[in-house]
Amino acid sequence: MSQKKSYFQERAPAQIRHLNLGLAYRHRGLVKRIHDLDPDEDAIEIRVQLIPGRFYRDARTGAEASRKCYKHGDLILSSHPKTQREAYDSPEIPLQIRARDFAQLEAMREEDIHFVGYSWKPVQGADRTRAIVPFREIPEGARIYSYAEQMTFHLVSEGIAKPGIKIQSYSDAQRVIHEGGTLVAEVPSRTKKMPRYRFRLMHVPMIRSDWNLASVLSLTTSESREEETNEPVKGRTLFDTYNIRYTWSTINEGSKVKFFQPQDIAAYMAVIRDERQKHNHTPLEMNPFALPSQLQKEFYLKLCNNVLVYDPTLNSRTKTRKLHLAEKSILLARAIGIFGHDEFSFWNPERDGSISSYGWRLNTN
């Protein structure tokens with residue numbers, strides 16, 4: 001059985017149950033209770049259903065309902081310009097758009113927030129596939145980026161190594177202004193003895209221009225191929241490779257969507273790192289991902305290591321398990337509503353320090 005690297009290891013359910021375990025029977029105030037946990041001493045068992053009831057129809061288990069929710073759950077739809085011309089003329093950057101869109105969470109009751117992520121659609125090009133960023137993938141992407149910066153190296157030339165994720169640019173200088181750049185990323189796996197993921201990031205804004213917003217709305221990833229054989233490299237996660245997303249008959253939406261994975265977010269963060277070292281802030285200014293604050297990092301680690309859920313569909317004696325991806329995403333959305341966009345979903349380097357130096361290791365004994 002594959003095993004996570006120590007940097008990514010988390011408490012098992014039995015270890016969480018041995019902490020000072022409290023019970024939560026209501027939605028209201030749940031975010032604050034999780035936030036207030038001592039990560040070394042306390043835990044909480046959630047006894048209310050986080051996944052909306054509609055996802056339990058025809059679902060035999062809580063895991064099946066969670067998978068449906070992750071793929072079909074509520075999304076915050078981006079209020080970005082809807083045409084190419086409007087995007088060219090817009091003075092806004094993605095951060096401003098996100099701050100406005102996420103503000104709706106602060107006006108909602110905690111128990112009414114069921115968003116699993118946010119979403120946008122391209123405004124130019126033949127591919128107008130909707131892009132989805134699940135909230136859980138953002139801090140997980142930051143964890144991968146921090147691991148790469150602290151624990152790994154890659155060769156940049158003979159005898160010279162640099163820490164972190166390797167980024168190679170293959171941008172056509174004549175097209176990058178209008179369409180963004182194409183880069184190849186090599187992102188380390190979270191699993192022991194597994195090779196790096198290698199894939200392409202396309203439509204990355206690299207040069208400041210009026211076309212940048214339209215470019216980044218087309219941001220996408222694809223597998224990378226060997227130059228001589230044209231065979232695909234191990235570039236995408238199993239989720240991305242086998243993600244079959246069937247729509248329900250009641251949903252007026254095509255099955256094809258693009259889910260951004262934590263490896264994609266980590267790779268974009270490495271692009272920001274490389275370009276900032278060259279005094280180019282365009283990838284950061286046009287960043288479409290809501291990079292996490294230290295507050296979000298600490299909250300996410302508690303979701304991973306200090307929280308259990310009561311699930312009556314389980315066959316185990318305790319009928320408790322760790323949070324599923326959709327449940328983590330919903331709780332992260334609720335935390336945005338409680339703490340606000342600027343405190344929770346905005347990386348402020350003066351307040352938070354470098355994301356590469358975020359501490360993710362916990363004492364899991």
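In this predicted model, the count of salt bridges comes to 24. Three of these pairs are set out below with the separation of their closest N and O atoms.

| Salt bridge | Closest N and O atoms |
|---|---|
| Asp74 and Arg54 | 2.8 Å |
| Glu137 and Arg136 | 2.6 Å |
| Arg143 and Glu140 | 2.9 Å |

Asp74 belongs to strand 3 (residues 74-77), whereas Arg54 sits in the loop between strand 2 (42-46) and helix 3 (62-72), so their salt bridge ties together parts that are 20 residues apart in sequence. Asp74 is partly exposed, with a relative accessible area of 29%, and Arg54 is likewise partly exposed, at 30%.

The pair formed by Glu137 and Arg136 is set in other surroundings: Glu137 is buried, with a relative accessible area of 1%, and Arg136 is buried as well, at 11%.

Arg143 and Glu140 are three residues apart in helix 6 (residues 137-151), and are therefore separated by about one helical turn; both residues are buried. They also take part in a network of salt bridges that links Glu10, Glu140, Arg143, Arg190 and Lys322.

Turning to the chain as a whole, the protein has 15 helices and 14 strands, and 53% of its 365 residues count as buried. Of the contacts between residues at least 6 apart in sequence, 65% join residues at least 24 apart.

The pLDDT averages 91 over the protein chain, and 89% of the residues score at least 70. Over residues 225-232, however, the pLDDT is below 50, and this stretch has 10 contacts in the model beyond near neighbours in sequence. Residues 241-254 also have a pLDDT below 50, with 22 such contacts. Where pLDDT is low, the predicted coordinates should not be read in detail.

Methods
Residues numbered from 1 in each chain as written. Predicted model: local features only at pLDDT ≥ 70, side-chain atom pairs only at ≥ 80, totals over all residues. Heavy atoms only, no water. Helix = DSSP H or I, 4+ residues; strand = E, 2+ residues; numbered from the N terminus. Buried < 20%, exposed > 50% of the residue type's maximum accessible area, 1.4 Å probe, protein only. Contact = heavy atoms within 4.5 Å. pLDDT = per-residue confidence, 0-100. Salt bridge = Lys/Arg side-chain N within 4 Å of Asp/Glu carboxyl O.
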